[in-house]
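Visitor: I'd like to take a close look at a single part of this model. Could you walk me through it?

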Amino acid sequence: MKNSPILITGATGFIGGFLAGELIKRGRKTILTVRPKGNDTARQRVENLLKFLNIEAKHEPVVIPAEIDKPGMGLSVEHQRILRDVPEVLHCAADTSFAERKKQQVEATNLQGLRNVFNAVPNCERFFHMSSAYSAGIQEGLITEELQYPPDYHNPYEKSKNEAEKLITDLCRERKTNLTIFRPSITYGDTSTGKSLRFNALYFPVRTLLLFRDSLKKDILERSGKRAASLGASINKNGSIRLPLTFPGSGQLNLVPINFLVEAVTAIMDSGETGIFHIVNPKSDTVGQLAHHIERHYSISGLAVADETMQDGPLQTLINSYMDLYYPYFCDKRRFSDYRTREILEPLGIECPELTSAVFKRCMDFAVESSWGAEIRV
């Protein structure tokens with residue numbers, strides 16, 4: 001269906017934005033449902049996205065203002081008519097919040113929003129659903145490319161994505177719609193440009209450490225230094241700042257760049273295959289490797305990694321309050337089978353790039369230069 005229109009939700013989000021950009025660049029006819037934001041209309045947000053990605057559209061996308069968690073997505077009668085006969089959907093819209101206090105909103109977007117999208121395209125023949133490898137919940141060992149039934153979850157996001165997979169499976173079965181589910185692992189920026197549209201996940205711990213680095217260094221150099229001293233921070237002879245911190249690191253971090261994800265997803269879409277596909281890295285990284293990259297490039301020392309036990313002290317307590325939600329992923333014992341994915345990608349020569357020290361710096365430098373997304377208007 002390469003010449004037929006495809007509806008893309010979440011087209012101004014991170015994964016959805018890069019995928020929408022790629023399909024538009026290829027000349028695919030696209031229909032984008034976009035939530036207006038601030039003073040920017042849905043159309044303006046899409047124009048900002050294409051400018052950010054340096055893409056000139058061969059076919060101007062049809063942009064429809066919509067809010068997927070509202071009844072009927074808030075669509076006008078005209079827009080309802082446009083979506084009625086769309087043959088393919090790529091559903092990327094999601095709320096990625098981990099916090100328990102945002103549970104209701106996460107469920108509204110990731111479950112009711114999914115149902116609303118599905119109901120808006122009654123004649124859809126192929127539905128592509130963007131899920132997450134972490135929909136597997138609290139498990140250890142090998143996670144296969146099939147529906148998972150874990151005993152529990154680390155956060156509301158994981159639970160909602162697991163339930164969404166089962167919901168869309170049932171909906172597509174009832175309507176006899178072909179279904180493909182993508183499960184990416186932790187996604188970061190483009191390995192060539194460093195570009196990203198979101199700065200959570202891998203970025204959040206780095207951002208937190210740089211915030212403490214700058215704040216405590218300023219306290220030492222421009223104030224009395226009492227706050228830094230009370231937290232055990234100090235400046236080394238080479239000007240770097242020592243932050244005595246220990247992070248849990250008994251597991252593996254599975255990290256994939258957005259450029260690989262886009263290549264993998266579009267290849268699987270082109271293949272016509274249905275089912276569940278893990279978009280993951282065959283080589284996991286460790287928290288120790290990331291700590292080394294941070295110390296090497298960002299004038300920080302004192303970072304340690306332990307299997308279980310953590311240091312005590314006021315600085316550790318403070319950093320834990322920022323990063324507790326991410327610690328389960330530092331100790332992750334899940335491994336993701338990508339047998340079905342590799343069957344499609346390997347003959348095409350598509351491989352996941354390594355997160356080298358240089359790539360790490362390129363991505364984090366882009367984040368810093370864009371003020372962690374504040375300078376990006378999409």
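Visitor: Which residues of α6 are buried?

Guide: Happy to. Keep in mind that this is a predicted model. In α6, the buried residues are Y203, P205, V206, T208, L209, L210, F212, R213, L216 and D219. The helix itself covers residues 203-222. Its 20 residues should span 28 Å at 1.5 Å a residue, and the end C-alpha atoms are indeed 28 Å apart, so expectation and model agree.

Now follow some of those buried positions outward. Y203, V206 and L210 are the α6 residues that make the contact with helix α13, where F360, C363, M364, A367 and V368 take part. Sorted by class, this contact has eight nonpolar residues, with no polar and no charged ones. The two helices pack at an angle of about 65°, their axes 11 Å apart, and α6 passes α13 in a right-handed crossing.

Two other buried residues of α6, L209 and L216, lead into the largest nonpolar core. Of its 93 residues, L209 and L216 are among those that touch the most other members, along with L19, L90, F182, L243 and F247. Helix α8, residues 258-271, gives the most to this core, with nine residues. Apart from this core lies another, of 27 residues, including L111, V117, A164 and I168.

L216 deserves a last look. Beyond its neighbours within four places in sequence, L216 is in contact with R227, A228, L231, A233, I241, L243 and L315. One of these partners, L243, is itself on the list of core residues that touch the most other members.

Terms used. Residues numbered from 1 in each chain as written. Predicted model: local features only at pLDDT ≥ 70, side-chain atom pairs only at ≥ 80, totals over all residues. Heavy atoms only, no water. Axes fitted to C-alpha atoms, helices over the stretch in contact; angles between N-to-C directions. Helix = DSSP H or I, 4+ residues; strand = E, 2+ residues; numbered from the N terminus. Left-handed = near helix turned anticlockwise from the far one by under 90°. Contact = heavy atoms within 4.5 Å. Nonpolar A, V, L, I, M, F, W, Y, C, P; charged D, E, K, R; others polar. Expected span 1.5 Å × (residues − 1). Buried < 20%, exposed > 50% of the residue type's maximum accessible area, 1.4 Å probe, protein only. Core = buried A, V, L, I, M, F, W, Y, C linked by side-chain atoms within 4.5 Å.
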